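Please load the model in a viewer and keep the selection panel open. The stops below are meant to be taken in order.

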Amino acid sequence: MQFPVLSVIVFTPIIAAIIILLIPSDRKTETRVAALAAATFALGLSIWVYFSYDVQASGYQFVEKYAWLPQFGISYFVGVDGMSAPLVLLTGLVMFTGVLISWGIDDRPREFFAFLFILATGVFGVFVALDLFMLFFFYEIAVFPMYLLIAIWGWKVTREYAAMKLTLYLFIGSVIALVGALGMYYASGLGTFDMIALEGAGFSAAFQKIVFPFVFFGFAILGGIFPFHNWSPDGHVAAPTAVSMFHAGVLMKLGAFAALRVGIMLLPEGAKYHMSWIILLTLVNVVYGAFIAFVQTDFKYVIGFSSVSHMGLVLMGFATLTSDGLLGAGVQMFSHGIMTALFFAVVGMVYDQTHTREIPKLGGVRLVMPIVTIAFIVGGLVSMGMPGFSGFVAEFPIFMGLWDSYPWIAWVAVISIVITAAYIIRIIGKVFFGKIPEEFKGHLQDVRVLDKVALVLLSAILIIVGIYPTIMVPMVQSGVENVLRLLGGA
Amino acid sequence: MEFITEHLLSLILFTPVLSAVVLMFIAGDQDKLIRWVALGLSLIPLALSIFLWVNFNSDQAGFQFQEQYTWYSPINASYHVGVDGISLTMVLLTTLLTPLSILASFTIKDRVKTYMVLFFLLEMGMLGVFLSLDLLIFFVFWEFGLVPMYFLINQWGSEKDTRKIFGREINARTYASYKFMIYTIAGSLGLLLAIQMIGVVTGTFDLLELYRVWPSISEGTLFGVPVVTVKAFAFWAFVVAFAIKVPVWPFHTWLPDAHTEAPTAGSMILAGVLLKLGAYGFLRFVLPLYPEESHRYALVLGFLAVMGIIWGAFSAYGQTDFKRLVAYSSVSHMGFVVLGIAAAAYAINTQDAAIALEGAVLQMFNHGLSAAAMFFLVGVLYERTHTRNLNEYGGLFPLIPVYGGILIFTSMASLGLPGLNGFISEFLVVRGTWPIFTLFTILSTIGLLFTGAYILKGIMGVLHGPLNKDWIGHVSEINPREIFVIAPLMVLMLWIGVWPAWILNVIDKAVIWFYGIY
């Protein structure tokens, strides 16, 4: 039997969480070391999965299937394709760097890491699930610890509000999606939740048109689709740094990915029917999100709204239903995940030193934190789609997809690039290179070595993918072909 | 050896990046070491491009030293580089000006390492534009070059100046760098869209293929719109992006700010090479990809070029800031490049067009030399006097005779004095343009007249008139390092002025082959 690598990846965090909870609460260092060990292990395996995925063969690989509740057609069924393999790697990376930069958490680190890892299990699970029931199962696992992580360790001013808002939004979303999913289960007549079987269920066009919005929006809420996006900036801002990284970096991808896997792949006719107006919503995401980010004065809100804008590009890529658009969206999920994790890490580090996030009050951070500054610049360049960085590799095909489907949307969406450039440059100029305010002089310190490791790792990935897209693009392309097959080569 | 010849272009292109990496391993406080290592490393691309020049066969048609590797397979973009006579000239200009600029930057004391690293990245970006034979790769380098330039202006620009924007006093270099960045990014949006559109329509980004395919698409509709309209839009998208970079009047307003606020070496590269990227864009992309549109809109372009020539010269004459004067002179001189291109676009298959294009390419090279030299000389003076105001200098000739001689020599080259390089190229442009755009050519001579006026104004303000006594003992003669910077430029100016055949021969054959003239 083949080594069940995906299962090991999925369950490593939760087992680690249990072990961590067994460590006495006053042994904080041991807790951290255990967390780092587990994260390193999971990262190592996800790197291994990524690089041993056979792009030529494409399709689902590392598949494992065990009957779970056979009488209801539920099985434990996991596997990755070209679309999800990069996301598994993304999760591994965010988890690893998240642990590194949370080293300094002193308030109940044991519980913090345990919840973070439960969340990680949920996220890994969704990305590899090939069974609809399993997908929901892991999805809920991912949403629930978020509430506690924000409400307990979050920013004191808004944490209860934000945690509540976020959780309610996401639960409503998943309930709506669940309705759609159950509809599919019964309508298929196959008596199974196996998504590969459901792909071939041949739902009638009328059924697909009705059910698709439920499934798509149910998940896309977590992807931050307009007008259901406003839980996300609040959530990002209130969450502690590592959770923001997870939240924007990975969790939003969860929504987009599930919308693709369950919505577009299982209900292709419905997708074709509805996407012509859904793409307008994503356009609002992209442009309006960028404008809102531009006018924020809170550093973290800027990044929060920039996520809304960039996730809009992912959903927009999906909505084109073209090869290029889907390819770009796939790469953008990975690229944005790394980029925004990097951003939130930077914001957290600056805040830890200055205790303010008001952009006008900040300045001169580069004098004490050179690596942090460079990391933010790299992230910023990715964000504005600068060629040579992964953002360009992702956004370019999305726009090509637009030209293939709705050319005029490309004309409007492109405005976001210049707005993004404007707010990113403004932040770089003010926060990092501006004049250092008197009260900070002598009070700021550079970040820890572990923080630097995390930042360098994330920045390097953004640059590598940008310079050498071949490391990721053919894999995503093989995943896209899988989707196109279902769309009937649309 | 074989490895070097087979990968010559990639070596030229990526040596600067490797140099930047090498620099990163030197301790940040070793300023002197960093400077010399940077200078040494920057000579490698120069040596390689001289090697390239020697081995380049100008009689052979087509792009030489081509290399092609997969880069972004799903959308058919590849890393494809190659040179012809036009890009070869520009590569030589870039690799020549970079070491000189680095030598000119030896007075930089603040964060020397970062500064040099940015300079190398900038060099790579510029070389990439000249070498690319793939539309997407071209765009990558085109945009990437902005980043180091932004930081060079923003961090090492002149510290003192302030500007009032919306009633708030801000640092002029902050303003200038922001304007430069946003202006250029916004200008490139149309180019980005047009490139994407071309990619979707033709399914390739390879330039050699696009030269065949794209111009021949002339009938039917694209995206439900007549092809003619789509192409006209795409044409203007390209033109605007390149026109901003050149800059063509009225898109030039970022230039005086950026040039004035940039550090000396930054201005040298900005004027010497960066402006050429725009003109090169016209030559390499606009003319061959849009022959019909170029012909149709050539008059508009020619008009803008003439406006640039005259307006730039007038504005230069009106300045009291020496550096701003030189900056506006770039607008005027680059106008001749665009005028030559516009005339050639109007009548591409004539001998006059060939002459105009040759003049334009040579003018790009010449302006690269003289503008870099002028900005350097302004910088030399500024380092001693800490002012750029022409009214505050006065009668410095007796104090600094050698500098004075060099300044006059360089100014004369810029002015277009026969025997120096500027004359040759401007003559060629005017000669080629005359039969095609007679009226524009006549008007452009007004610009030439005022060139004389502002150049003399500059010389007079600095060197002649009553001696400002404050400078006695403060203004020292140009030093050997500075002479080392300027000497190669002066040699080339004289050389091209006296015997231009060595470079014109290469340009001539490339132009005739590339545009299929005769």
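This tour goes through a predicted model, chain by chain and then helix by helix.

**Stop 1: chain A as a whole**

Select chain A and colour it by secondary structure. Chain A holds 19 helices and two strands. Along the principal axes, its C-alpha atoms fill a box of roughly 70 × 55 × 40 Å. How does the radius of gyration of chain A stand against that of a compact globule? For 490 residues a compact globule would have a value near 23 Å, and the 21 Å of chain A agrees with this.

**Stop 2: the hairpin of chain A**

Select residues 61–69 and 74–80 of chain A, which are strands β1 and β2. The two strands of chain A pair in the antiparallel sense, over six bridges. For one of the facing positions, show A:K65, which stands opposite A:F77 in β2(A). Then move to the turn: four residues lie between the strands, and A:G73 takes a positive phi near 70°.

**Stop 3: where chain A touches chain B**

Show both chains. The contact draws 28 residues from chain A and 27 residues from chain B. Which elements of chain A give two or more residues to the side that touches chain B? They are α13 (323–354), α15 (390–405), α16 (407–413), α17 (415–432) and α19 (473–487) of chain A. Colour this side of chain A by residue class: 22 residues are nonpolar, four are polar and two are charged.

**Stop 4: chain B as a whole**

Now hide chain A. Chain B comes to 20 helices and six strands. The radius of gyration of chain B is 22 Å, close to the 24 Å that the globule rule gives for 518 residues, so chain B is as compact as a globular protein of that length. The C-alpha trace of chain B spans about 75 × 55 × 55 Å along its principal axes.

**Stop 5: the hairpin of chain B**

Select residues 64–72 of chain B for strand β1 and residues 77–83 for strand β2. These strands of chain B are antiparallel and pair over six bridges. Show B:Q68 on one side of the ladder; its bridge partner in β2(B) is B:H80. Two backbone angles can be checked here. B:F65, which lies in β1(B), has phi near 55°, a positive value in a residue other than glycine. In the turn, where four residues separate the strands, B:N76 has a positive phi of about 60°.

**Stop 6: helices α4 and α5 of chain B**

Select residues 85–104 for α4(B) and 112–131 for α5(B). Their axes are 9 Å apart and the helices pack at an angle of about 170°. Angles over 145 degrees count as roughly antiparallel, and α4(B) and α5(B) are therefore roughly antiparallel to each other. Show the side chains in the contact: B:S87, B:M90, B:V91, B:T94, B:T98, B:S101 and B:I102 come from α4(B), and B:M116, B:F119, B:E123, B:M126, B:L127, B:F130 and B:L131 from α5(B). By class, nine of these residues are nonpolar, four are polar and one is charged.

**Stop 7: the loop before α11 of chain B**

Go to the loop between α10 (227–245) and α11 of chain B, where B:P247 is placed. The peptide bond that joins B:V246 and B:P247 is cis, with omega about -5°. B:P250 is found in the loop between α10 and α11 as well. A cis peptide bond joins B:W249 to B:P250, and omega there is about 0°.

**Stop 8: helix α14 of chain B and two of its neighbours**

Continue into α11(B), residues 254–261, and add α14(B), residues 322–346. The axes of α11(B) and α14(B) come within 9 Å and cross at roughly 135°. The two helices are therefore oblique to each other. The crossing of α11(B) past α14(B) is right-handed. On α11(B) the contact is made by B:L255, B:P256, B:H259 and B:T260; the residues on α14(B) are B:K323, B:R324, B:A327, B:Y328, B:S330 and B:V331. This contact has five nonpolar, three polar and two charged residues.

Finally, swap α11(B) for α13(B), residues 291–318. α13(B) packs against α14(B) at about 160°, with the axes 7 Å apart. That angle makes α13(B) roughly antiparallel to α14(B). The crossing of α13(B) and α14(B) is left-handed. The residues of their contact divide into 18 nonpolar, nine polar and no charged.

Methods. Residues numbered from 1 in each chain as written. Chains lettered and ligands numbered in written order. Predicted model: local features only at pLDDT ≥ 70, side-chain atom pairs only at ≥ 80, totals over all residues. Pairing = 2+ DSSP bridges. Contact = placed C-beta atoms within 7 Å. Nonpolar A, V, L, I, M, F, W, Y, C, P; charged D, E, K, R; others polar. Axes fitted to C-alpha atoms, helices over the stretch in contact; angles between N-to-C directions. Parallel < 35°, antiparallel > 145°, perpendicular 65-115°, else oblique. Left-handed = near helix turned anticlockwise from the far one by under 90°. Rg over C-alpha atoms; globule rule 2.2 N^0.38 Å.
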